[in-house]
Amino acid sequence: MVNSSIPLEKKELLKLPGVGNYIAAAFRSLHMNIKDTIIDSNVVRLYGRFWGFETNPETRRKKWFIKLAENLIPAKRHKDYNYSLLDFTRAVCKLRPDCVNCPLQVKCNNHSKNIE
Ligand code: SF4
């Protein structure tokens, strides 16, 4: 607990009104430095492009996808990893991806599809 009012456990956070998985994970990771997996549509889009699998609005709730995302979070600097994902999907692998300038282009399955 923080100030005896905000729980730190995920399942307790999810009981609070208006708190879903994204908010709970973002609070824990970015504000409390507790290892957690932040998944939003941008993360789904990036991972889908990178590994070349189809995604849809439900992908973020699929157990296999959550497991994949959890496995990618490093033990150390997990907060930096999450911040990097947020920044990278905003600045590079955005809706119209900047593949030409992307440092992941060599390994990305979607790279050649996005070169105009
Ligand atoms: S190469 Fe393009 S599609 Fe692949 S991760 Fe980079 S920006 Fe995204």
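What follows is a short chat about a predicted model, its nonpolar core and its ligand shell.

Visitor: What makes the largest nonpolar core a core?

Guide: Eleven residues make it up: Ala 24, Ala 25, Phe 27, Ile 38, Ile 39, Val 43, Val 44, Leu 46, Tyr 47, Leu 85 and Cys 93. To count, such residues must be buried and joined through C-beta atoms within 7 Å, so this set earns the name.

Visitor: Which helix gives the most to this core?

Guide: That's α3, with four residues. Both α2 (21-31) and α3 (41-51) supply at least two.

Visitor: Why is this core said to lie between domain 1 and domain 2?

Guide: Because domain 1 (1-36) and domain 2 (38-114) both give residues to it.

Visitor: Which residues of α3 are buried, and what covers them?

Guide: Val 43, Val 44, Leu 46, Tyr 47 and Arg 49 are buried. Being called buried takes 20 or more other C-beta atoms within 10 Å, so each of these residues meets that mark. Their cover includes α4 (63-72) and α5 (78-91).

Visitor: What is Val 43 in contact with?

Guide: Leaving aside neighbours within four places in sequence, Val 43 is in contact with Ile 38, Ala 69, Leu 85 and Thr 89. Contact means C-beta atoms within 7 Å, so each of those four pairs passes.

Visitor: And right after α3, which residue follows?

Guide: Gly 52, with a positive phi near 80°.

Visitor: How many residues surround the ligand, and how do they divide?

Guide: There are 15, and the closest are Cys 93, Pro 97, Cys 99, Cys 102 and Cys 108. The shell splits into nine nonpolar, four polar and two charged residues. Cys and Pro count as nonpolar, so those closest residues fall in the nonpolar group.

Technical notes: Residues are numbered from 1 along each chain as its sequence is written. This is a predicted model: local features need pLDDT of at least 70, side-chain atom pairs count only at pLDDT 80 or more; totals for chains, interfaces and linings use all residues. A residue is buried if 20 or more other C-beta atoms lie within 10 Å of its own, exposed if 12 or fewer, and partly exposed in between; C-beta atoms are placed from the backbone. Domain bounds come from an automatic or database domain assignment. Two residues are in contact if their C-beta atoms, placed from the backbone, lie within 7 Å. A residue is near a molecule or strand if its C-beta atom, placed from the backbone, lies within 6 Å of it.
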